[in-house]
Amino acid sequence: MSTRVKSPLVVIVLFLWIGFVCAISFMEAWLKFQAPGVTLPIGLSIGRLVFGALNKVEWVFALAILLTSFVKQRGSIKRQNLYFLIPFLILILQSIWLLPELDVRAVQLIEGQVVPPSNLHFYYVGCEVVKVIALVSIGIKQFK
């Protein structure tokens, strides 16, 4: 029995996207604070830079998947492509709400201001977990 990939480009982009999110959100985000000499302001400055860049890369991946799927389907949207909405909607939520709010908090902390406790980081991590699970599921479904 042979396995056929629906769209090799989509599979490549999906698994690159998964790799970027896992490497940055689940490893770099907390690991940088373990390095000697990295203070909270330095770690937050690095985080702002890295997560801003990750967000842009994720948009490139999302648009590549959208365009590839759209072109391959000749302009029609098939029901199985609706699964792509999950990571796309999460990316939108992160881009317009979570990242800007976390960025404001980071700047306040860098400037030495007292910032009240917040659950934003937990929401962000929860979104990342759901996004990775969705991307892995979509990636697996790309194989026939």
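Lys131 and Glu128 sit three residues apart in helix H4, so about one helical turn separates them. In this predicted model, their side chains meet in a salt bridge, at 2.7 Å from N to O. Glu128 is buried, with a relative accessible area of 1%.

Lys131 has a second partner. Glu58 also forms a salt bridge with Lys131, and here the closest N and O atoms are 2.4 Å apart. Glu58 lies in helix H2 and Lys131 in helix H4, so this pair ties together parts that are 73 residues apart in sequence. As for solvent exposure, Lys131 is buried at a relative accessible area of 0%, and Glu58 is buried at 1%. Through shared partners, then, Glu58, Glu128 and Lys131 are joined by salt bridges into one network. As a general remark, side chains of opposite charge can pair when their charged atoms come close.

How many salt bridges does the structure hold? There are four. One of them, which I should like to set beside the network, joins the side chains of Arg48 and Asp103, with 2.4 Å from N to O. Arg48 belongs to helix H2 and Asp103 to helix H3, so the pair links parts 55 residues apart in sequence. Are these two residues buried or exposed? Arg48 counts as partly exposed, at 36% relative accessibility, and Asp103 is likewise partly exposed, with a relative accessible area of 28%.

Arg48 brings me to the largest pocket. Its lining comprises 26 residues, and those nearest the centre are Gly47, Arg48, Phe51, Leu102 and His121. The space in this pocket is about 600 Å³. Which helices contribute to the lining? Helix H1, residues 8-31, helix H2, residues 40-72, helix H3, residues 85-110, and helix H4, residues 120-141, each supply at least two residues. The most comes from H2, with nine residues. By character, the lining of the largest pocket divides into 13 nonpolar, seven polar and six charged residues.

I turn now to the nonpolar interior. In soluble globular proteins, nonpolar side chains tend to be buried together. Here the largest nonpolar core has 15 residues, and Leu14, Trp17, Ile65, Phe84 and Phe88 are the ones that touch the most other members. H1, H2, H3 and H4 are the elements that give two or more residues to this core. Of these, H1 gives the most, with six residues.

Leu14 deserves a closer look. Which residues does Leu14 touch, leaving aside those up to four places away in sequence? The contacts are Ile65, Phe84, Leu135, Ile138, Gly139 and Gln142. Two of these partners, Ile65 and Phe84, were named a moment ago among the residues of the core that touch the most other members.

Apart from the largest core lies another, of 11 residues, which include Ala29, Phe51, Leu99 and Leu102. Phe51 and Leu102 have been mentioned already, since both are among the residues nearest the centre of the largest pocket.

To close, I return to the charged residues. The network of Glu58, Glu128 and Lys131 is held by salt bridges that share partners, and the bridge between Arg48 and Asp103 links helix H2 with helix H3.

Definitions and conventions. Residues numbered from 1 in each chain as written. Predicted model: local features only at pLDDT ≥ 70, side-chain atom pairs only at ≥ 80, totals over all residues. Heavy atoms only, no water. 1 Å grid on protein atoms, 1.4 Å probe; cavity = no way out; pocket = protein on both sides within 12 Å on 5 of 7 lines; lining within 4 Å. Points joined across faces, edges and corners; volume = space filled by probe spheres on them. Helix = DSSP H or I, 4+ residues; strand = E, 2+ residues; numbered from the N terminus. Nonpolar A, V, L, I, M, F, W, Y, C, P; charged D, E, K, R; others polar. Core = buried A, V, L, I, M, F, W, Y, C linked by side-chain atoms within 4.5 Å. Buried < 20%, exposed > 50% of the residue type's maximum accessible area, 1.4 Å probe, protein only. Contact = heavy atoms within 4.5 Å.
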